[in-house]
Amino acid sequence: MPKRRDILAIVLIVLPWTLLITVWHQSAIAPLLAIRKDDGPEGRQDSGTAGDSKEYCSPDKDIVEVVRTEYVYTRPPPWSDVLPTIHVITPTYSRPVQKAELTRLANTFLHVPNLHWILVEDSQRRTPLVSRLLRETGLNYTHLNVETPRNYKLRGDTRDPRIPRGTMQRNLALRWLRETFSPNSSQPGIVYFADDDNTYSLELFEEMRSTRKVSVWPVAFVGGLRYESPKVNAAGKVYGWKTVFDPHRPFAIDMAGFAINLRLILFKPQAYFKLRGVKGGYQESSLLRELVTLNDLEPKAANCTKILVWHTRTEKPVLVNEGKKGFTDPNVEI
Amino acid sequence: MRMKLKLKTVFLLYFVVSLLGLFYALMQLGQHCDCTDQLLLKDRTVSQLRRELQKLQEAFRKPSESEKLSKNPSLPTIYVVTPTYARLVQKAELTRLSLTLLHVPRLHWIVVEDSPQPTPLVRDLLAVSGLAYTHLHVPTPKDMKLQEKDPTWLKPRGVEQRNEAMRWLREMAAAAAVEQAVVYFADDDNTYSLKVFEEMRFTQRVSVWPVGLVGGMRYEGPVVENGKVVRFHTGWRPSRPFPIDMAGFAVSLRLVVAHPGARFDRSAQIGFLESSLLQGLVTMKELEPKADMCTKILVWHTRTEKPKIKREEIMQKQGMGSDLNVEV
C-alpha cells in the first residue's frame, strides 16, 4: 500500500508540471498560428453575420507555415514617388473564363503606373491558378481570399443568395487596407472597385488619380441603358442621377463608376458594404452614404460626358462536348 | 505526527495551487490572442525588407526580353488582322484588345471594318491607341450578312474583311521586300495572353496551338507526337481537314504571298472556314506546334454578352433616349 501511495504521490506531483510546460510551449508558438487564414469571417462590422468573428490562437500541434499576403513590387510599369497609388480591388471566383478575364485585366493594368492590385478570391484558400497568374504578370499585387458562406438550406452548392456577390471580398480588401495603412501616413492612395469582367480605358485611371474624397463618372451598359451617369450642374456639382432604374437611390451608380480617396477609407473605419438586407442596386449606396454626401462628389470624365469604363459581361462558355466524364485533360489549365 | 501532518498539508496545498494554475492556463487557451499587432509589425518589416531586396536586385537586372526584342530590327513583325463591326460593345472590345496588343513589340494591327466607309469611332480609337496600324474597310454583301435574330453560326463572319487584309498584305509585300513576318487572325472578342504572340513570331509556314473555351469544350487543340501534329483534339467534326479555331494558328507572310489565290471561302460549311484557307497552304505534317507542344492554353475564345438596353429602347420611344453624341 505505501508503495502505491508513493507512486500516486509522484504522479500527482509530476502531472501538473508536465501539463503546465505543455501549455507554456503552446502559448509560445500560438501567435504564429493566430492568423492562419487571411479571411476570418467578417463579423465585427456587419450585423447579423453568423459565425465566430474572433481570431484565436488555435492550439494545433503541428506548426503550419503562415503565408500571408505578398507584396510584389516588380516593374512594369515604373513606380513613381509622386503619383498617388491606385488600389484596385477585384473580387474573383473560379469558373472557366476566370483565367481569361484576369489575363486581359492584367494586360490593361500593366499600363497604369502606381497601380496596386488587390485580388480577393471567393474561395477557402488561395488557388494556384490565381497565385501563378499574379506572379507572372509582374504587377504590384496583394492576394487575399475569403469564402462567401454557402447556404446549405438551399441547394448544396449555392452561395448565400442574400449576400450580393463580391461583397465579402470587397470588405476584406477594405479591412486589409485599414490594417496596412495608418491614417496618419502621408502615402496618398485611391481605392477603386474593378470587377474582373468589365472593360477599363487607361484614361479612367488618370481621371481618378486626382480624387480628393469620392469621384464619379458615367458607366456604359448598366441599368438597361447605353450608359448611366451622374447629373452635373453648371457649377460642376453632382445634383442627381441620370438613370431609369430607381434614380432616387442615395447613390444611383455602379460599382465601376466611382473611386474613393484612401484617406477617407482610413478615417471612417466603420464604413463597409452592407452584407445583408440590401435591395438590388443599393449596394454601392450602402458604402458611400457612410463616407460622403452628394455635394462632396467630384465629377470626372469631362463633367461626366465621356465613357471611360464599360460594364461588359462575358458569356458563359457552352461546354456541351465535355460530356459527363470530361473530354479534355483536366490537368491542362484554362 | 506533526511532521507527517505538515507534509500532507504542504502537499495538498501544492496540489491545489498547481491545479488552479492549470485551470487558469487552460481558460486562457481558448481566448482572443492579442498577437495580431506583433504579427502585423513583423509582416510589415519582412515585406519592407523584401521590397528593398527586390529593388536592389532590379538595379542589377538585365533588360527584359521584350525590351531587347523591340530594339531588334530583325525581329519578325506580327500582323494582327482583326475584322470588326459596329455594335454596342465594339469600342470596349477594341479598347481592351488594343491594351493587350500594346505590350507586344514589332506588332502591326490591321483593323478591317465591316462597313462601306471607315467610321470615326474606329478611326479615333486607332489614332490614340499608340499602335502601328492599318485601317481598312469592306462591307459584307447584304445577303451574306447576319440579321438581328439570326443565330451566330448561321453565316460566316469576317470573311470579306480577312480576305481584304490579306489582299493589302500582298500589295504591301509586292511593293517592299518580303520580310520575315507572320499573320494572325485575331477576333476582337477573344482573350490573348502576351505569350501567344511570342510563340507565333518565328513561324516558318503555319504554326498551331490549342485554344481555350471553344468547340463546346474547355479547350480544343492539336495533338503532338514526336514534335509533329498527328491529329486534332476536338469534340466537333474531327474529320475536318483543319479542325482548329481562327485563333489557333498563324501563317507566315511569305506563305500568304506565295499563294496569291489562298483565301477564306465564304461558301464553306460551318466550321470549315479555317480549313478553306489552310488546306491551300499547308499539310498537317508541315504544321509547327507551339505552346509547349500544344499543352498550354495561351488564348481563349471568350464571347461578350450583348448588353441589355431595354430601358434605353423605351426611353428612346418616349423621346428621352441618352445623348447619342456620347460615344459608347
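Two strands count as paired if DSSP finds at least two bridges between them. With that in hand, chain A of this predicted model can be read strand by strand. Its open sheet has seven strands, running in the order E3-E2-E1-E4-E10-E6-E11, with mixed pairing. Strand E3 (140-145) and strand E11 (297-299) of chain A sit at the edges, each pairing on one side only. From one strand to the next, the twist averages 25 degrees.

At the E11(A) edge, the partner is strand E6 (residues 214-216) of chain A, and the two pair in the parallel sense over three bridges. Here Ser215(A) stands opposite Glu298(A) of E11(A). Helices come into the picture too: H2(A) packs on the sheet, where it touches strand E1 (85-92) and strand E2 (115-121) of chain A, and its direction makes about 165 degrees with that of E2(A). H4(A), for its part, lies across E1, E2, E3 and strand E4 (189-193) of chain A, at about 130 degrees to E2(A).

Then there is the meeting of the two chains. Chain A puts 69 residues into the contact and chain B puts in 71. Between them they bury about 6,700 Å², 63% of it on carbon and sulfur atoms. Three salt bridges link chain A and chain B; one of them joins Arg313(A) to Glu305(B), with the closest N and O atoms 3.2 Å apart. On the chain A side, helix H1 (2-34), helix H2 (98-109), helix H4 (167-180) and strand E5 (199-200) each give two or more residues. H1(A) gives the most, with ten. By type, the residues on this side of chain A split into 37 nonpolar, 16 polar and 16 charged.

Key. Residues are numbered from 1 along each chain as its sequence is written. Chains are lettered from A and ligands numbered from 1 in the order in which they are written. This is a predicted model: local features need pLDDT of at least 70, side-chain atom pairs count only at pLDDT 80 or more; totals for chains, interfaces and linings use all residues. Side-chain values use heavy atoms; hydrogens and water are left out. Contact means heavy atoms within 4.5 Å. Buried area is the accessible area (1.4 Å probe) that two parts lose on being put together, summed over both. A salt bridge is a side-chain nitrogen of Lys or Arg within 4 Å of a carboxyl oxygen of Asp or Glu. Helices (H or I, at least four residues) and strands (E, at least two) are DSSP runs, numbered from the N terminus. Ala, Val, Leu, Ile, Met, Phe, Trp, Tyr, Cys and Pro count as nonpolar, Asp, Glu, Lys and Arg as charged, and the others, Gly among them, as polar. Axes are lines fitted to C-alpha atoms, for helices over the stretch in contact, and angles run from 0 to 180 degrees between N-to-C directions.
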